[in-house]
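The following exercises are intended for a reader who meets this structure for the first time. Each task is followed by a solution in steps.

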Protein chains: 2
Amino acid sequence: MKLHRLAVALVHHPVLDRRGDVVTSALTNLDVHDIARTARTYGVGRFYVVTPLAEQLQLLDRILGHWRDGHGAGYNPDRKEALSLVAGVPSLAAALDDWQRLCGAEPLPVLTAAARDGRLTFRDCARMLAQQPLLLVLGTGWGLAPELFQNGWPVLTPIRGAGSYNHLPVRAAAAIMLDRLGGQSG
Amino acid sequence: MKLHRLAVALVHHPVLDRRGDVVTSALTNLDVHDIARTARTYGVGRFYVVTPLAEQLQLLDRILGHWRDGHGAGYNPDRKEALSLVAGVPSLAAALDDWQRLCGAEPLPVLTAAARDGRLTFRDCARMLAQQPLLLVLGTGWGLAPELFQNGWPVLTPIRGAGSYNHLPVRAAAAIMLDRLGGQSG
């Protein structure tokens, strides 16, 4: 299934740090590249990089500029194609506004958390996506801050592997989620 | 399903570069971390980093030492746990030898390729794994060199997303493959 009515938001604030404090995490170049390439593979509509820091949004623009228009665009057109999905925004609300504008319908945020008892199965999430645009919300650092879970938005079931170890890189979690929602497994 | 009879090999030689030449690619720190964390999540038995370059194997040892025994071990015990799966080896043959020694049975290599018409489905691969140990072989750079495909080893079906774009990061491909083989999707 093409996921063109799904957008992904990678949130750098509000997220938790290792001590459980709410912080703004730093942009990670490879998160942007990896999640953009995976999003492009599965036909995701948009990939929002969310940070309230103006300097970080400028840094993102420089990265994107290099690959979209600069030396990197000629060197690696596939990367350009993937990074064309990326938009930097200062808040989750701004991501939702933009995604609504592009879709022409109100999108529902779907939260993700490794350490919470999310109830929305991937199958039901895929069904919801047939009805309305969704925004899949991923946290950096030690995950999305508790305040985001007080909005009544659905939370995806955590990815379970073989045991209790649940420290997937956000890049890997994004890949697994998009494959479960849109991949053609055999 | 726990994947304890599966090992993963990340190959830096022989692989292709962007022009199609057979080369030795450079170790990427984040490949090691990401694939180790994903492998640990799914209960994979071992993660071999394959490079014939002695300096690169020494670099790997320094990285692993930091997280296993050095400052990083205390700072992030979860990372230590993941990286304990990693072993540097000079060749795929050495990886197979070590995996056979650990399993007490001869492992079969299963090759992966984004741009080849691999026929082994993920479902059949999971069934094979119930019968014998496997070594899932991933290429860096522009993928595993043609010579590896002349051994008669099975090749996994490529990961298909929504269209023809097939430029997943190897870190993302590894995550998707392990989830398809051992994840509990709902």
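Copies are superposed by least squares on the C-alpha atoms of residues with pLDDT of at least 70 in both. The model treated here is a predicted one.

**Exercise 1.** Determine which turn and which shift lay chain A on chain B, and name the relation.

*Solution.* Step 1: a turn of 180° with a shift of 0.0 Å along the axis lays chain A on chain B, and the RMSD is 0.0 Å. Step 2: that is the relation of a two-fold axis. Step 3: both copies use the same surface, since 100% of the contact residues of chain A recur in chain B.

**Exercise 2.** Describe the side of chain A that touches chain B.

*Solution.* Step 1: the contact joins 38 residues of chain A with 38 residues of chain B. Step 2: in chain A, α1 (29-41), α4 (77-83), α6 (122-131) and α7 (170-182) each supply at least two residues of this side. Step 3: α7(A) gives the largest share, seven residues. Step 4: by character, the residues of this side of chain A comprise 13 nonpolar, 14 polar and 11 charged.

**Exercise 3.** Check the span of helix α5 (residues 92-103) of chain B, and establish how its buried residues are placed.

*Solution.* Step 1: the expected span is 1.5 Å times one less than the number of residues. For the 12 residues of α5 of chain B this should come to 16 Å, and the end C-alpha atoms are 16 Å apart, which agrees. Step 2: the buried residues of α5(B) are B:Leu92, B:Ala95, B:Leu96 and B:Trp99. They cover an arc of only 100° around the axis, and therefore lie on the same side of α5(B). Step 3: an α-helix has 3.6 residues a turn, so residues three or four places apart point the same way. Step 4: the buried residues of α5(B) pack against β1 (6-11), β4 (46-50), β5 (86-89), β6 (108-111) and β7 (134-139) of chain B. Step 5: the exposed residues B:Ala93 and B:Arg101 are carried on the face turned away from the buried side of α5(B). Step 6: just after α5(B), B:Gly104 takes a positive phi of about 70°.

**Exercise 4.** Is B:Gln58 buried or exposed?

*Solution.* Step 1: B:Gln58 lies in helix α2 (residues 54-68) of chain B. Step 2: a residue is exposed if 12 or fewer other C-beta atoms lie within 10 Å of its own. Step 3: B:Gln58 has 11 other C-beta atoms within 10 Å and is therefore exposed.

Methods. Residues numbered from 1 in each chain as written. Chains lettered and ligands numbered in written order. Predicted model: local features only at pLDDT ≥ 70, side-chain atom pairs only at ≥ 80, totals over all residues. Contact = placed C-beta atoms within 7 Å. Helix = DSSP H or I, 4+ residues; strand = E, 2+ residues; numbered from the N terminus. Nonpolar A, V, L, I, M, F, W, Y, C, P; charged D, E, K, R; others polar. Buried ≥ 20, exposed ≤ 12 C-beta atoms within 10 Å, placed from the backbone. Arc of directions from axis to C-beta.
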